[in-house]
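I opened this notebook to keep track of the spaces in one protein model and of what surrounds its ligand. The entries follow the order in which I looked things up.

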Amino acid sequence: MIKEISIGISMAALLSMLIMGYDITPFLFLAAAAGGLYYFARMRGLINVKNFETVSVAERRDFSFDDIGGQESAIKELKEALDFIKNHCSIKHLGIRPLKGILLTGPPGTGKTLMAKAAASYTDAAFVASSGSEFIEMYAGVGAQRVRKLFQSARETASRQKKNNALVFIDEIEILGGKRGKTTSHLEYDQTLNQLLVEMDGLKVDDNVRVLLVAATNRDDMLDPALLRPGRFDRRVKVDLPDKEGRLQILKLHTRNKPLAGDVKLEAIAKDTFGFSGAHLESLANEAAILAMREDSQEICQHHFNESIDKVMMGGKLDKKPSEADMKRVAVHESGHALLSEIVRRGSVSAVTVTPRGDALGYMRQTPEDDTYLYTKDFLENQIAIMLAGSVAEEIILGNRSTGSSGDFEQAVRAADTILRSGMSDLGVVCPDSLPQELKHKTITGIVNGQEERVKNYIIESKHIFNSTVEILLEEEKISGDRFREIMREKLN
Ligand code: ATP
């Protein structure tokens, strides 16, 4: 506004001078030079340096650790670190140096940003957020200036909000804090990181506004060792994917404002979603609500959740409609996977579908028995059998195989490789990297071929269930795990 008024006044003054007969050429030159300089400085980021995201007091007060599900141990560790800041008087008294930085590490979407916001609320601090990518420019010096501006902005925001603490959050810190000398434009990267180190070293317990840096990354292996040494990021908190109980808590949080039908079983959904992050679960709840709205339903039912699990796992439904022959092949293929899955572990099939989603033309979803982090040899061999069953079923039922199994084979070979590397193959404990390629290849192929023979026998014995499952899949596109088991009981007993 002020800029517009000044330009207006200057124009009016120049016009009056022109009318009064003055030569205004020098003024025009001056204005052009000033404009050019201003434009150049803006281009280089020297003027109007980014305003970093600050969260309003009202928004921040609403957000607490209670709004984060499934991260009990991470929250406990973080709170312990934050208590140092809350009790700054005793820290000063005992001569403890202040905590300068907390590094949150973990996979994407697990709630690192939420933790930083809740940390600001917990310590009654002003919150200023930015991302590593916002500091990287072509021109040397701009990133460093932005780092200075970020800390300055945190102090100013805290003073404005009459707070003694400020929390600076930098997401994707690996972009700005990567190992020095590794990038081509290393001068700019190095200067930016150096400035961050300088700012961290300058943080003191008796500052008017005590600043805490919280950073997040899912690539802590890329960080420069200078950032990780004691006195910089003093605390590292691991924010991992949630376990079943954690997933249930997150689902409860994200469905608390949604009308759920009586048939919704959040425990079952939590069980079915092994490997989902908090962000996946939030999206799952949202997609289920969207599906309910599309069906004009006043409540969100279990089948909306089931459908949205598929959507979040595999991607949205595709418009492409495969030919009838391809659809039949996909139905046979997926029935093969499901049959083997039920044979090796009863009750393990959650759903079989022939709806094209993402890269897949069909899909068999398993219910994990429990969250599993260690795998036995039997488990891995069974997984290989399930992976091979699609292709074997095509061969036995339709007379030949297709190109649709390459992804399955990759997974089967990977599982066989894991057996070898874990010392569970016939070779015993070996150093896989110094093993002759031929022997390695022979061992892996031996494991896979052994399972292929096993799968062939199972599918030949159970051939007659395919007619029913393929027919239903072609008509209805989907069979639930319970229905699949019912067909198996009817046909195989
Ligand atoms: P990235 O590493 O990709 O930056 P992040 O770990 O910072 O991800 P957030 O941005 O905190 O993840 O989470 C994204 C969204 O996912 C949140 O807004 C929230 O809706 C949901 N979410 C993630 N984790 C949790 C959780 N533990 N509890 C509740 N909601 C969560």
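Entry 1, the second largest pocket. I looked up its volume in this predicted model and found about 540 Å³ of space. I noted that 28 residues line this pocket, and that D272, Q302, N306, S350 and S480 are the ones nearest its centre. The elements giving two or more residues to this lining are helix 12 (266-272), helix 14, strand 7 (349-353), strand 9 (478-480) and helix 20 (481-492), and I saw that helix 14 gives the most, with 5 residues. Sorting the lining by class, I got 7 nonpolar, 9 polar and 12 charged residues. Because domain 3 (244-314) and domain 4 (324-492) both give residues to the lining, I placed the second largest pocket between them.

Entry 2, the largest pocket. Here I read a space of about 1600 Å³, lined by 48 residues, of which M364, Q366, Q383, M387 and Q411 are the closest to the centre. Two or more lining residues come from each of helix 14 (302-314), helix 15 (324-344), strand 8 (363-366), helix 16 (377-398) and helix 17 (406-421). By class I wrote down 19 nonpolar, 17 polar and 12 charged residues. Domain 3 (244-314) and domain 4 (324-492) both contribute to this lining, so the largest pocket also lies between them.

Entry 3, the ligand. Which residues come nearest to the ligand? Of the 18 residues around it, I listed G69, G109, K112, T113 and H254 as the nearest. For polar contacts, I found a backbone N or O atom of G69 at 2.8 Å from a nitrogen atom of the ligand, a backbone N or O atom of G109 at 2.9 Å from a ligand oxygen atom, and a polar backbone atom of T110 at 3.1 Å from an oxygen atom of the ligand. The ligand on its own has 630 Å² of accessible area, of which the protein covers 78%. Helix 6 (112-122), helix 11 (244-255) and helix 13 (278-294) each supply at least two residues of the shell, which by class has 5 nonpolar, 9 polar and 4 charged residues. Since domain 2 (53-238) and domain 3 (244-314) both give residues to the shell, I recorded the ligand as lying between them.

Entry 4, the cavity. I found 1 cavity of 30 Å³ or more, with a volume of about 170 Å³. It is lined by 17 residues, with I85, P98, L99, R210 and V211 nearest its centre, and the lining divides into 12 nonpolar, 3 polar and 2 charged residues.

Methods. Residues are numbered from 1 along each chain as its sequence is written. This is a predicted model: local features need pLDDT of at least 70, side-chain atom pairs count only at pLDDT 80 or more; totals for chains, interfaces and linings use all residues. Side-chain values use heavy atoms; hydrogens and water are left out. On a 1 Å grid over the protein atoms alone, a cavity is a set of points where a 1.4 Å probe fits but cannot get out, and a pocket is an open set with protein on both sides within 12 Å along at least five of seven lines; lining residues have an atom within 4 Å of a point. Grid points are joined across faces, edges and corners, and a volume is the space filled by probe spheres set on the points. Ala, Val, Leu, Ile, Met, Phe, Trp, Tyr, Cys and Pro count as nonpolar, Asp, Glu, Lys and Arg as charged, and the others, Gly among them, as polar. A residue is near a molecule or strand if one of its heavy atoms lies within 4 Å of it. A polar contact is a pair of N or O atoms within 3.5 Å; within protein, one must be able to donate a hydrogen and the other to accept it, and residues adjacent in sequence count only if both atoms are side-chain atoms. Accessible areas come from the Shrake-Rupley method with a 1.4 Å probe; for residues, only the protein chains shown count as cover. Helices (H or I, at least four residues) and strands (E, at least two) are DSSP runs, numbered from the N terminus. Domain bounds come from an automatic or database domain assignment.
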